[in-house]
Each structure stands twice: as C-alpha cells, then as structure tokens.
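Visitor: Before we look at individual contacts, I would like to know on what grounds each label is given. Could you take me through the reasoning?

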Amino acid sequence: MKTFSNVNARDAKQAVALSQQARKDGKTPAFTGGGSDLLGMVKERIITPDVLVHLRGMKGFDQIEQRGGGLEIGGQVTLDTISHHPLIRSRYAVLAEAAETVATPQIRNVGTLAGNVSQRPWCWYYRNGFPCFKAGGNTCFSIAGENQFHAIFGGGPSFIVHPSDTAPALVALNATFKIAGPGGDRTVAASDFFVLPKQNAAHENILKDDEFLASVHLPAPRPGTRSTYHKIMDREAWTHAVVSAAIVLEMDHDICRSARIVLGGVAPVPWHVPGAEKLLVGQKITPELIAKVAEVSIAGANPLAKNAYKVPLTRNTVKRTLTELTGLTG
Amino acid sequence: MADPVSSFDVSRREFLEGTGAVALAAVAAVPALGADELPSVPHTAIQVTINGVKQKIDVEDRWTMVEMLRDGLGLTGTKIGCDRGECGACTVLLDGKPVYSCSNLAVWADGRSIQTVEGLAKGDKLDPLQQAFIDHDAPQCGFCTAGQLMSAKALLNNNPHPTADEVRAAMTGNICRCSNYNRYVEAVMSVSGARA
C-alpha cells in the first residue's frame with residue numbers, strides 16, 4: 001500500500017486541526033473510522049492520502065445516549081452495536097434493521113455509522129479507476145455503459161446510487177446530523193446532508209475539506225410509531241441494495257397520522273417520496289391504498305437502458321414493506 | 001524492506017505455546033522492523049496481545065493487521081485472499097470479534113487483543129471446532145479455512161448453541177471458493193451439540 005502516517009485524534013477539535021495541518025504541510029489528509037472502505041480505496045489508488053486522521057479513539061464518539069427524549073448516536077458507534085442496541089431496536093427499528101443488512105459481521109464490527117453514511121459510491125466505473133464525475137472528471141460512463149445498478153431517480157450528470165443502508169433509515173427518522181469542522185460544529189437535517197449530482201457532481205454530501213460527520217440525533221418517536229427497512233439484493237447477503245425502502249409510520253389504531261418513505265439503491269441520494277406519503281396521512285390503511293401509494297412512489301422514474309427492472313421492483317418493494325409494517329396481507 | 005521474520009527469533013511453535021517465558025522473550029526480541037532501512041516510512045511502536053501473549057512491535061503505519069501477523073510475526077495461518085475485505089480468508093478476532101485483518105491497520109490494534117487461528121489449538125490438542133472441521137471434511141482446498149474457523153469460533157463464544165441459520169449468518173463474510181458451505185455449517189452445528 002502507498003505510504004502514509006496514521007494519527008489518532010483525541011477529540012473532534014484535534015481531528016479537524018490535524019487535517020488542516022496536513023493540508024498546510026502540502027499533504028493530503030483523510031478521516032478514517034473503521035477504515036474498511038478507505039483502505040480499499042487506498043489500495044486501489046482511487047485516493048492517495050498522506051495522513052490518516054483516525055477517529056475511532058475519540059472520547060465519547062462511540063456512545064449512544066438518551067437526550068431530550070431522543071437518542072444521540074456518536075458517529076464512531078459501530079453498525080454491529082447499532083443493530084443490537086435494545087433502545088434502537090425497540091424505538092427505531094428501521095435503523096437497527098438497516099445496520100444489520102450492511103455487508104458482513106466482519107465489516108459491521110468495525111464499520112461506523114458515520115462511515116456508512118459518508119462512504120463513496122460503489123459504481124463499478126468509479127471503483128475501477130474511470131475518470132468519472134466522482135473521480136473529478138466530467139463523464140458518467142454508466143450512461144452509455146453497464147448501468148443495471150444505477151439510478152432511476154435524480155440522475156444526471158452522474159447516475160450513481162447512494163450506497164448506504166443506514167442513510168435512508170436516518171432520513172426516514174427525521175434525524176439531524178452534527179458535522180465537526182474548522183468553524184466548530186454545525187447541525188443539518190439528515191435530508192439536507194445529501195446532495196444530488198446536479199448540485200455537486202463530485203460529492204454525495206455537503207461535507208467540506210476538514211469536516212466529518214460527528215454524531216446523529218434521532219428525535220423521540222411519537223406514540224404509535226412503527227418502522228422497518230426492507231432491502232432487495234441480487235443475492236441473499238453481502239451486497240448493496242438494488243432497491244430498499246425505509247418506512248416510518250405513526251399510527252393511531254388503524255389510522256395513519258404521518259408517514260415517511262425513503263428509498264435506497266435507486267437515486268444518488270436517499271430518495272424521499274413525499275407524494276406517496278401524503279396519500280397515507282389521515283387514512284385507514286388498506287391493501288388498495290397501499291397499491292396506490294406504491295404506484296405514486298415510482299412517479300418520475302427515468303430509467304437508463306439496463307435498469308428499467310428497478311421501476312416495478314421499487315413499486316413492489318414499497319408495497320411489500322408497507323403491507324408487512326401494517327400487518328395487512330397484500 | 002528487510003526481512004522482518006529472519007530477525008524474529010521466537011519460533012512459531014514456541015509462540016503458539018504462549019508460556020510466560022516466551023512472552024518475555026517476545027517483548028525483548030521484536031526489533032523495530034525495517035525502521036533502520038526505511039527511515040522515511042512512518043512507523044509506530046504498538047503493544048498488542050496476540051493469542052494471549054503481550055507483544056511490543058514496531059509497525060509501519062501502512063501495514064495491515066494481516067501484514068503484521070504474517071510478515072512481521074510469521075503467523076502465516078491467517079491467509080490473504082482478496083486483500084480488499086471481501087473474501088474473509090484473513091478473518092481474525094479483535095477483542096473477541098471477527099474482523100478482516102486485511103482491512104484494518106496494524107497501528108489500530110494498539111492496546112488491543114488479537115486471536116488468530118494459531119491461538120485455537122492448546123499445544124498439540126486441536127480445538128473441538130478444528131476437529132469438527134476435519135471430521136466433516138469441511139475444508140477442501142483449505143485456503144478459506146482459517147477465516148471460517150475464526151468466524152465460527154466468535155459465534156460459538158457468544159452463542160454456544162446457534163441454529164443453522166445463525167451459523168450461516170455469522171459466516172456470511174467468509175467465502176468458500178470450493179463452495180463447501182453446507183459442510184462448514186454441519187461442522188459448526190456438531191460442535192454446538194445440535195443437529196443442522
């Protein structure tokens with residue numbers, strides 16, 4: 001592997017300072033948590049950092065704490081911890097279930113929430129050294145190429161899909177993200193963290209140089225809230241979502257008070273479908289309504305040459321997830 | 001790089017036995033690997049417990065854990081398959097949990113504990129899991145076996161009587177090119193005292 005130095009940050013302030021200092025010294029820094037993805041990219045020379053700022057040892061960033069009725073999850077908490085945490089399982093099932101579907105036990109044991117949310121795309125062109133938008137170029141090779149796993153919503157000029165399973169869950173839960181950076185901390189809604197390629201073709205989120213995702217806050221769930229994550233893969237395990245659905249429903253007996261539906265694997269960001277959610281609010285959920293919601297959730301789909309199969313797959317994933325979550329039979 | 005193994009004078013067998021005397025010898029014997037020859041390569045002195053033996057070792061920052069284990073310490077039971085966190089051949093236990101040693105840096109193991117496949121047998125007596133792998137003809141080419149053993153061991157440490165589905169889930173991250181998955185599951189189930 002390329003040479004680099006590793007520095008263990010004590011706290012967020014020092015981590016940011018170490019990254020800034022490296023840049024001042026003419027070196028390329030990179031933040032790392034679990035490092036699984038980062039080291040793979042270094043080995044493939046997709047990135048060539050000189051200084052790794054290691055975040056996992058930062059005090060307090062691997063903690064899950066109840067705060068303001070909600071839950072504060074440190075960015076360095078592992079996916080394995082999230083998937084087993086009793087409070088997350090009982091109150092934010094969609095997040096525990098999403099974390100549980102990521103990769104393999106070996107990766108979940110070191111992979112962090114911040115890393116999963118901030119990971120780079122897994123488009124095979126980007127990962128195999130093509131000079132695409134994500135690598136700083138000005139082409140998306142998937143448009144005329146092998147695009148069976150690419151975006152059906154929100155594409156252009158790049159057609160990557162956002163690879164994270166936990167990201168759709170966090171957007172569905174109305175999470176807020178705390179970002180550490182040179183100006184101190186700033187807080188944004190999870191939905192505002194991710195950006196479409198038309199806004200910024202080279203990056204998937206708003207993180208700037210020397211910034212990293214520090215922690216995630218989940219608001220207290222309203223009474224009657226239930227949630228789940230459903231992930232469709234092209235094999236049974238150890239891969240990214242072809243399509244996934246993160247759904248949070250607030251139910252008052254059989255009436256839906258509010259709904260959040262966020263799709264994964266289909267767009268360059270976690271894909272929120274407010275038009276479909278609106279149909280559910282104030283309604284008794286029936287199989288007929290679910291079918292209508294599923295149909296509306298694919299409105300605006302714009303598939304490429306080889307991924308049109310994702311459109312009915314998305315519709316049926318929404319239908320199945322809602323059906324299971326409401327205990328109805330389809 | 002200098003050959004670090006040649007300057008590492010504790011034999012593999014002595015190391016495996018893990019006596020207190022060996023532990024002391026190991027701490028004294030491990031030199032700053034390659035540091036004299038490559039002063040410009042960042043390196044860090046770490047302390048790590050490997051198969052119960054506390055070690056001090058100087059590692060290059062860019063070394064993965066498996067490079068430290070194989071090239072630095074001669075513990076070649078852990079294999080490098082894909083070297084990109086996909087196949088599981090390099091699985092070791094870090095503080096009791098299975099991780100890909102090709103996708104973690106050696107410096108990140110500072111102050112922590114690693115168990116490798118060499119740490120399973122007690123002297124010449126195989127771990128029951130290793131014996132079960134033999135009895136069930138679980139390994140074919142054998143390249144993935146060390147990793148399969150470590151994932152299975154981690155599961156059984158926390159869940160001595162898993163269901164077959166739990167075994168499959170725990171071993172998801174270990175790919176077998178010979179595709180002998182059913183035998184691996186049977187072997188693990190036999191140790192747990194349950195039937196697949």
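Guide: Let us begin with a rule: a salt bridge is called when a side-chain nitrogen of Lys or Arg lies within 4 Å of a carboxyl oxygen of Asp or Glu. The model is a predicted one, and in it the side chains of Arg222(A) and Glu250(A) meet with N to O at 2.9 Å, which is within the 4 Å of the rule, so the pair counts as a salt bridge.

Visitor: What makes this pair one that ties together parts apart in sequence?

Guide: Arg222(A) lies in the loop between strand 8 and strand 9 of chain A, whereas Glu250(A) belongs to strand 10 (residues 243–252) of chain A, so the bridge links parts that are 28 residues apart in sequence.

Visitor: Why is Arg222(A) called exposed, and is Glu250(A) buried or exposed?

Guide: Exposed means over 50% relative accessible area, and Arg222(A), at 54%, therefore counts as exposed. Buried means under 20%, and Glu250(A), at 12%, is therefore buried.

Visitor: Why is the contact of Arg315(A) and Glu295(A) called a salt bridge?

Guide: Their N to O distance is 3.9 Å, which is within 4 Å, so the rule is met. Arg315(A) lies in helix 13 (residues 310–325) and Glu295(A) in helix 12 (residues 287–297) of chain A, so the pair ties together parts that are 20 residues apart in sequence. Arg315(A), at 26% relative accessibility, and Glu295(A), at 44%, are both partly exposed, because that class runs between the 20% and 50% limits.

Visitor: Where do the partners Glu211(A) and Arg186(A) lie?

Guide: The two side chains meet in a salt bridge at 2.8 Å, N to O. Glu211(A) lies in the loop between helix 10 and strand 8 of chain A, and Arg186(A) in strand 7 (residues 184–189), so parts 25 residues apart in sequence are tied together. Glu211(A) has a relative accessible area of 11%, which is under 20%, and is therefore buried, while Arg186(A), at 26%, counts as partly exposed.

Visitor: How many salt bridges does the rule find across the interface of chain B and chain A?

Guide: There are three across that interface. One of them joins Asp83(B) to Lys43(A), with the closest N and O atoms 3.1 Å apart, which is within 4 Å, so the pair qualifies. In the interface as a whole, 28 residues of chain B are in contact with 26 residues of chain A, and the area buried between the chains is about 2100 Å².

Methods: Residues numbered from 1 in each chain as written. Chains lettered and ligands numbered in written order. Predicted model: local features only at pLDDT ≥ 70, side-chain atom pairs only at ≥ 80, totals over all residues. Heavy atoms only, no water. Contact = heavy atoms within 4.5 Å. Buried area = accessible area lost by both parts, 1.4 Å probe. Helix = DSSP H or I, 4+ residues; strand = E, 2+ residues; numbered from the N terminus. Buried < 20%, exposed > 50% of the residue type's maximum accessible area, 1.4 Å probe, protein only.
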